[in-house]
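Student: I should like to learn how to read the features of a structural model. May we work through one together?
Tutor: Certainly; let us look at the sequence and the structure first.

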Amino acid sequence: MTNPRQNRHRSPLIPILLLIVLLLGALVGWMLYILWGDSQQVFHDVTVELGQQTLDIRDFLTEKGKPSRASFVTDPNTIDLSTVGQTTVTLKHGVKTYVVSLTVEDTTPPEVVFLPEYTVALPDDLPQAGALVESVKDFSQVRTYYSQDPSVPGDYSDTTVTVVVEDTSGNAVEGSCVLHFTGWLKETCTLELGQELTPEMVLLDPQKDAPFLKDTKDIGATLGEHVLTVDTGGATAQCTVTVKDTTPPTLTVQSVRRFPGDSVAVTDFVTSATDLSGEPEVYLTGELPDMKKQGTYTVTIEAKDSSGNVTQQEATLWVSKNLSAPVISGASADIRVTVNSNPDFLKGVTAKDDIDPKCEITVDTSTLDLSKPGTYYITYSSTDSSGNVGTCKRKVIVVEG
């Protein structure tokens, strides 16, 4: 007969043993699953684009990999993503480590903003291609160049050029820019009144571009600003020509003799006054002397043109009762001298004046050549204290000794 107490003592052990067996089975199954899972292809090689900032573990996982069990062994912060190339990355999945390949490539062309147009000042020469690019964005170094070297058209017409921006991986972007040429005709030019405009004054290359200039001869005839427009057929340019007058008038004066009490005006002293801008203003500076008093006076005459340029000359005013010039005697007969002699041309020559008791005589021999035979003329002159001048010519014959 069974003992009821014994049955009650053995019954709790069986469930416990069964539970332990189940737990051990589950543990063994889980470990087998983990080992089987880690033996699968859980990671793959990865290629990223140059410029990517960070790496994500999920980028390396296959469909069999579990993000929760995957981690970096290689510190991702030490991986250089700014340089094209290939490197290895060590990863871990569960208890197993793997080594995969990481490739950084550059397949993205640069982001470029090209200038639509550019003005070229010819004295500065043609621009570098980079000057036609407003901005560039790329994760590598770039170089900028013309697809074909530009040149300046013979008629300076607008030219469209193609600019290429290429990164170190060969990714390239092309853009167009229109070149406007200026500077072949200078912007400004200054002429003196009456001066003729020449190609050298306004053209960078006068020998080449002189035929483009037309109807420029009269520009310098009028004061002020003139706009010179030059049309080459391909381009039109303008130059502001300023005509100035910095040249003073031409003024010629003469001395004047008057009796005491007579009147005198500025026009009596002026023999001519001219200027390219027109007839200049002529006037005396200061006051005229007392015309009732005899004497020799110096007066100053000025001529001023419309631009304010002034010419000043001095003239002599004689106020005197003596208006007769000295009379020279003893010089009417021809004189014969020998080559290389030293004759006294004043011998026997006198001057007589109705007022001055003695007047000095001078002789002008500037046209006489005593070194060779010939017929010459010398001039005698004598001036009294009132400024009256008497003159006399005399023939001189130079002969061989």
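Student: To what number does the count of salt bridges come?
Tutor: One point should precede the answer: this is a predicted model. Side chains of opposite charge can pair when their charged atoms come close. Here the count comes to 4 salt bridges. One of them joins Glu166 and Arg143, with the closest N and O atoms 3.2 Å apart. This pair links distant parts of the chain, since Glu166 belongs to strand S9 (residues 159–167) and Arg143 to strand S8 (residues 142–146), 23 residues apart. With a relative accessible area of 17%, Glu166 is buried.

Student: Which residue does Asp209 meet in a salt bridge?
Tutor: The side chain of Asp209 meets that of Lys208, at 2.9 Å from N to O. Asp209 has a relative accessible area of 0% and is therefore buried, whereas Lys208, at 38%, counts as partly exposed.

Student: Where do the partners Asp268 and Arg258 lie?
Tutor: Their side chains meet in a salt bridge of 3.3 Å, N to O. Asp268 is in helix H5 (residues 266–269) and Arg258 is in strand S15 (residues 256–258), so the pair ties together parts that are 10 residues apart in sequence. Asp268 is partly exposed at 25% relative accessibility, and Arg258 is partly exposed at 21%.

Student: What is the nearest side chain of opposite charge to Glu302, which is buried yet has no salt bridge?
Tutor: That side chain is Lys304, 7.0 Å away. A salt bridge requires a nitrogen of Lys or Arg within 4 Å of a carboxyl oxygen, so this pair does not qualify. Glu302, which lies in strand S18 (residues 295–304), does make polar contacts through its side chain. One is with the side chain of Tyr283 (2.7 Å), and another is with the side chain of Gln312 (2.7 Å).

Student: Let us turn to strands. Which side chains of strand S10 are buried?
Tutor: In a regular strand the side chains alternate between the two faces of the sheet. In S10 (residues 172–182), Val173, Gly175, Cys177, Leu179 and Phe181 point to one face and are buried. Ala172, Glu174, Ser176, Val178, His180 and Thr182 point to the other face and are not buried.

Student: How many bridges join S9 to S10?
Tutor: There are 8 bridges between S9 and S10, which run antiparallel. Across this pairing, Val164 stands opposite Glu174 in S10. The hairpin of S9 and S10 has 4 residues between the strands, and Gly170 takes a positive phi near 90° there. Strand S6 (residues 117–121) also pairs with S10, in the parallel sense and over 5 bridges; Tyr118 has Leu179 of S10 as its bridge partner.

Student: In strand S11, which residues point to the buried face?
Tutor: Cys189 and Leu191 of S11 (residues 188–192) point to one face and are buried, while Thr188, Thr190 and Glu192 point to the other and are not. S11 pairs with strand S13 (residues 236–244) in the parallel sense over 5 bridges, and Val241 in S13 is the bridge partner of Cys189.

Student: Finally, which residues form a nonpolar patch on the surface?
Tutor: The patch consists of Leu13, Ile16, Leu17, Ile20, Leu24 and Leu27, with about 560 Å² of accessible area together. Leu24 lies in helix H2 (residues 13–38).

How values were computed:
Residues numbered from 1 in each chain as written. Predicted model: local features only at pLDDT ≥ 70, side-chain atom pairs only at ≥ 80, totals over all residues. Heavy atoms only, no water. Buried < 20%, exposed > 50% of the residue type's maximum accessible area, 1.4 Å probe, protein only. Helix = DSSP H or I, 4+ residues; strand = E, 2+ residues; numbered from the N terminus. Pairing = 2+ DSSP bridges. Patch = residues over 30% accessible without salt bridge, like charges linked within 9 Å, V, L, I, M, F, W, Y side chains within 5 Å. Areas by Shrake-Rupley, 256 points an atom, 1.4 Å probe, with all protein chains shown as cover. Lys, Arg positive; Asp, Glu negative; His and termini not counted. Polar contact = N/O pair within 3.5 Å; in protein donor to acceptor, adjacent residues only side chain to side chain.
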